[in-house]
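Grab a pencil and get the viewer ready. Here are some short exercises, each with a worked solution.

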Amino acid sequence: MVKTEATLVAPSLDPGLLRPDFPALDQKIHGHPLVYLDNAATTQKPTAVLRALDRYYRRDCSNVHRGVHTLSQRSTASYESARGIVQRFLGSSSDREIVFVRGATEGINLVARSFLGPRLEPGDEVLVTAMEHHANIVPWQLVCKAAGARLRVLPMDDRGELRLEELGKVLTERTRLLAAVHVSNALGTVNPVEELVAAARQRGVPVLLDGAQAVPHKAVNVEALGCDFYVFSGHKAFGPTGIGVLWGRREHLETMEPYQGGGDMIVTVGFEGSTFREPPARFEAGTPNIAGAIGLGAALEYLEELGLPQIEAYEAELLSYATQRIGSLPGIRLIGTARRKAGVLSFVVEGVHPHDVGTILDQRGVAVRVGHHCAQPVMAHFGVPATVRASFAFYNTRFEVDALEQGLREVKEIFGP
Ligand code: PLP
């Protein structure tokens with residue numbers, strides 16, 4: 001047998017065994033078993049995460065870093081241990097590089113305000129790609145506007161792959177930061193981030209990678225990637241909402257001004273002025289999302305136990321099955337056909353508005369996302385206002401793809417040829 005990337009790592013993952021770990025998957029919607037294919041929006045949570053949250057609130061509930069009493073020491077230990085889990089998960093060399101934030105959006109805003117903003121001069125440029133989520137466009141626009149700088153865009157082609165041959169034109173001596181999505185939420189494209197980082201580094205340009213859609217699907221090692229900042233959201237990686245991570249190189253974090261002011265981030269406070277703690281505390285003003293961080297730690301440990309290579313191999317097979325089944329239905333146009341993809345199948349059904357498709361599928365228990373997916377420039381590129389997006393996780397099965405296919409056949413029947 002020819003050894004492919006997928007066969008080198010035995011896809012030993014069995015979703016049948018894992019699904020009981022996810023109580024929310026076991027329910028009926030309009031009388032049909034739930035087929036949850038909206039994982040790019042948010043993922044379901046395993047009992048390991050629910051138990052960690054329950055334990056914190058039932059047993060250890062207390063503020064962190066402040067109390068001498070036992071509960072506070074317990075919650076501080078769990079919170080800081082979660083930071084250590086994230087450090088290991090991302091392959092970072094220090095837990096001082098892990099900042100807990102609300103999600104990918106806040107992580108990007110933090111870098112825009114505290115890192116880039118003070119360094120931008122009129123005429124400077126920030127480079128993004130044509131397939132960014134709004135969270136990786138708007139924060140840069142805001143700081144560019146304030147500084148008189150401008151946003152430039154690395155274009156993509158009609159498969160939804162970046163046009164790397166254009167990089168030389170848009171990465172210039174005025175570029176102060178390159179911000180790129182690792183895996184596109186609207187198209188599923190896995191970008192060649194190593195090449196982007198190498199090109200930027202050659203010019204001394206720092207790179208932020210948006211890993212919101214990468215972390216749930218593949219192993220990420222920030223040191224191997226060589227980027228400067230990496231962000232992701234807990235809720236898209238089987239953890240709680242309201243928690244996320246900014247990983248930043250220590251040498252950058254140490255030079256950055258606080259993002260928000262308040263308790264826990266200071267060394268001294270007087271009316272004449274205040275001094276600030278070292279990172280990451282400097283960027284975690286106020287009471288943090290303690291339960292969220294602990295829950296995220298449990299989620300990442302769960303992923304580590306399954307094995308990210310196994311998850312990637314299983315999902316690659318499932319996505320290829322889905323692409324073949326759904327892509328061969330008459331009247332379906334796939335949006336995003338890159339050669340390297342993860343987790344996402346976006347499409348439009350000829351003559352049917354995506355919202356109607358989503359509503360009919362919901363009546364059959366199939367949950368998909370319809371809309372612009374917070375990626376309006378991507379929709380503009382493909383000339384559509386919205387798409388239907390089925391997005392997968394390791395707990396999805398071929399049967400669920402079949403249910404989606406059957407639902408789409410019924411959509412076609414209702415709306416005619
Ligand atoms: N980046 C990408 C690629 C995303 O898919 C999302 C959410 O869909 C975000 C950023 C923003 O994530 P959050 O809303 O959790 O901050």
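The exercises below go through a helix, two domains and two cysteines of this predicted model.

**Exercise 1.** Work out what span is expected for helix α11, and compare it with the model.

*Solution.* Start by counting: α11 covers residues 290-306, which makes 17 residues. Next, take 1.5 Å times one less than that number; this gives the expected 24 Å. Finally, go from the first C-alpha to the last: the helix reaches 25 Å, close to the expected value.

**Exercise 2.** Find what sits at each end of α11, and decide whether the helix is mostly covered or open.

*Solution.* Begin at the N-terminal end, where Asn-289 acts as the cap. A side-chain oxygen of Asn-289 lies 2.7 Å from the backbone nitrogen of Gly-292. Now move to what follows the helix: Gly-307 has a positive phi, near 95°. As for cover, 14 of the 17 residues in α11 are buried, so the helix counts as mostly covered.

**Exercise 3.** Describe how domain 1 and domain 2 meet.

*Solution.* First get the bounds: the domain assignment gives 5-45 + 307-415 for domain 1 and 49-304 for domain 2. Then look at the contact, which takes 41 residues from domain 1 and 39 residues from domain 2. About 3200 Å² is buried between them, and carbon and sulfur atoms give 56% of that area. On the domain 1 side, Lys-45, Leu-308 and Arg-340 lose the most area, together 20% of what that side buries.

**Exercise 4.** Are Cys-144 and Cys-227 buried or exposed?

*Solution.* Buried means under 20% relative accessible area. Cys-144 has 3%, so Cys-144 is buried. Cys-227 has 0%, so Cys-227 is buried. The structure holds zero disulfides.

Notes
Residues numbered from 1 in each chain as written. Predicted model: local features only at pLDDT ≥ 70, side-chain atom pairs only at ≥ 80, totals over all residues. Heavy atoms only, no water. Disulfide = S-S within 2.5 Å. Buried < 20%, exposed > 50% of the residue type's maximum accessible area, 1.4 Å probe, protein only. Helix = DSSP H or I, 4+ residues; strand = E, 2+ residues; numbered from the N terminus. Polar contact = N/O pair within 3.5 Å; in protein donor to acceptor, adjacent residues only side chain to side chain. Domains from an automatic or database assignment. Contact = heavy atoms within 4.5 Å. Buried area = accessible area lost by both parts, 1.4 Å probe.
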